[in-house]
Amino acid sequence: ALQVSAFAKGPDPTDQSIRAQKGPFAVQQQSVAAQSGRAFNRGTVYYPTDTSQGTYGAVAVIPGFLEPEFTTSWYGPTLASYGFVVITLEPNSITDFPEPRSNQLLAAVDWLANESPVKDRVDPNRLAVMGHSMGGGGTLLAASKNPALKAAIPLAPWNMSSNFSDVTVPTLIIGADNDVIAPTFMHADPFYESLKGNQNQGYLKLKGADHFTTNGYTATVTKFAVSWLKRFVDDDTRYSQFLCPAPSPDASFVSFKVGCPV
Ligand code: 9J3
């Protein structure tokens, strides 16, 4: 088949295949202990075992206020199984606000690419960040601080300031229609309004979903998150079909907005 990108990996995707909790790559995991002098706390690395297809993009994931690592750990094995090296993080403090979480995300992807035991599997030029709630605010702040990131995915994001108009990193906000902790009208909606003038920004609003829906596997979150990471971290345009034209709402989401083409 025609190779769309030097980084494209895995079989041609279908709308069904990218909803699965496990993608085509076998995955191993390794605990990462806290180390003094390091800007982030402990975590877990999940990585594809296959070393025959070149390097992978890398993703760091951080949870929200009062949430330990395990609350968002499902992203590790799932995203790694689609072909990414992933670190899920325990925040330095569970009471950290978004700003320190942004620094932990940036330090973690830098460590994955340059110092980690899996650094040889990671392309240092293809890094991405994700996070839940205050970790989603941290995700947006990290994208603002480091425009060289290839993708950002804030999950039910919460932040004091709503102006992210300086973010040029391709960012997919995932909000929840019944979120009373980070209500979309105060957080995800204005965040997207501030982003959408820039290229390659998206906003998925889940249906019948609360603040914690993105903390567990769902087919819809998997489909959109995998598509976003594949498209922008791997430059794999085989996934553009799942983003543009913007899919119509179904039982699982009330809206998906994106600046096409992507
Ligand atoms: O990270 C989060 O879940 C944010 C929730 C929240 O409302 O924090 C207010 C202190």
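Axes here are lines fitted to C-alpha atoms, for helices over the stretch in contact, and angles between them run from 0 to 180 degrees between N-to-C directions. The model used in these exercises is predicted.

**Exercise 1. Describe how helix H2 packs against helix H3.**

Step 1. Locate the two helices: H2 covers residues 98–114 and H3 covers residues 134–145.

Step 2. Read off the geometry. The axes of H2 and H3 are 7 Å apart and meet at an angle of about 60°.

Step 3. Classify the angle. Angles under 35 degrees count as roughly parallel, over 145 as roughly antiparallel, and 65 to 115 as roughly perpendicular, with the rest oblique. H2 is therefore oblique to H3.

Step 4. Add the handedness: the crossing of H2 past H3 is right-handed.

Step 5. List the residues that meet. H2 supplies Pro 98, Glu 99, Arg 101, Ser 102, Asn 103, Leu 105 and Leu 106. From H3 come Met 134, Gly 135, Gly 137, Gly 138, Thr 139, Leu 141, Ala 142 and Lys 145.

Step 6. Sort them by character. The contact of H2 with H3 is made up of six nonpolar, six polar and three charged residues.

**Exercise 2. Is Gly 138 buried or exposed, and which residues does Gly 138 contact?**

Step 1. Place the residue: Gly 138 belongs to helix H3.

Step 2. Apply the cut-off, under 20% relative accessible area for a buried residue. Gly 138 has 0% relative accessibility, so Gly 138 counts as buried.

Step 3. Find the partners. Outside the neighbours within four places in sequence, Gly 138 is in contact with Pro 98, Arg 101, Ser 102 and Leu 105. These four residues are listed among those of H2 that meet H3.

Step 4. Take a distance for orientation. Between Gly 138 and Lys 196 there are 19 Å from C-alpha to C-alpha, with a separation of 58 residues in sequence.

**Exercise 3. Which elements give two or more residues to the largest nonpolar core, and which gives the most?**

Step 1. Start from the core itself. The largest nonpolar core has 39 residues. Phe 40, Val 45, Val 85, Ile 87, Leu 112 and Leu 149 have the most contacts inside this core.

Step 2. Name the elements. Two or more residues come from each of strands S2 (43–48), S3 (56–62), S4 (84–89) and S5 (122–132), and from helices H2, H3 and H4 (188–195).

Step 3. Pick out the main contributor: H2 gives the most, with eight residues.

Step 4. Look at one member in detail. Not counting residues up to four places away in sequence, Leu 112 touches Val 45, Ala 58, Val 59, Val 85, Val 86, Ile 87, Val 118, Lys 119 and Val 122.

Step 5. Note that another core, of 38 residues, lies apart from this one. Val 61, Ile 174, Trp 228 and Val 258 are among its residues.

**Exercise 4. Compare the accessibility of two loop residues, Val 118 and Gln 199.**

Step 1. Place both. Val 118 is in the loop between H2 and S5, whereas Gln 199 is in the loop between H4 and S8.

Step 2. Apply the cut-offs. Val 118, at 5% relative accessibility, counts as buried. Gln 199 counts as exposed because its relative accessibility is 65%.

Step 3. Check the surroundings of Val 118. Apart from neighbours within four places in sequence, Val 118 contacts Val 45, Tyr 47, Val 85 and Leu 112. The C-alpha atoms of Val 118 and Val 45 are separated by 8.5 Å, although their positions lie 73 residues apart along the chain.

Step 4. Add a distance for Gln 199. Gln 199 and Phe 25 are 30 Å apart, C-alpha to C-alpha, and 174 residues apart in sequence.

**Exercise 5. Where are the cis peptide bonds and the positive phi values described here?**

Step 1. Take the first bond. The peptide bond from Cys 244 to Pro 245 is cis, with omega near -10°. Pro 245 is in the loop between helix H5 (219–233) and strand S9 (253–258).

Step 2. Take the next bond. Cys 260 and Pro 261 are joined by a cis peptide bond with omega about 0°, and Pro 261 is in the segment after S9.

Step 3. Turn to phi. Ser 133, in the loop between S5 and H3, has a positive phi near 60°. At 5% relative accessibility, Ser 133 counts as buried.

Step 4. Finish with Asn 200, which has a positive phi near 60° and is in the loop between H4 and strand S8 (201–206).

Conventions
Residues numbered from 1 in each chain as written. Predicted model: local features only at pLDDT ≥ 70, side-chain atom pairs only at ≥ 80, totals over all residues. Heavy atoms only, no water. Left-handed = near helix turned anticlockwise from the far one by under 90°. Contact = heavy atoms within 4.5 Å. Nonpolar A, V, L, I, M, F, W, Y, C, P; charged D, E, K, R; others polar. Core = buried A, V, L, I, M, F, W, Y, C linked by side-chain atoms within 4.5 Å. Buried < 20%, exposed > 50% of the residue type's maximum accessible area, 1.4 Å probe, protein only.
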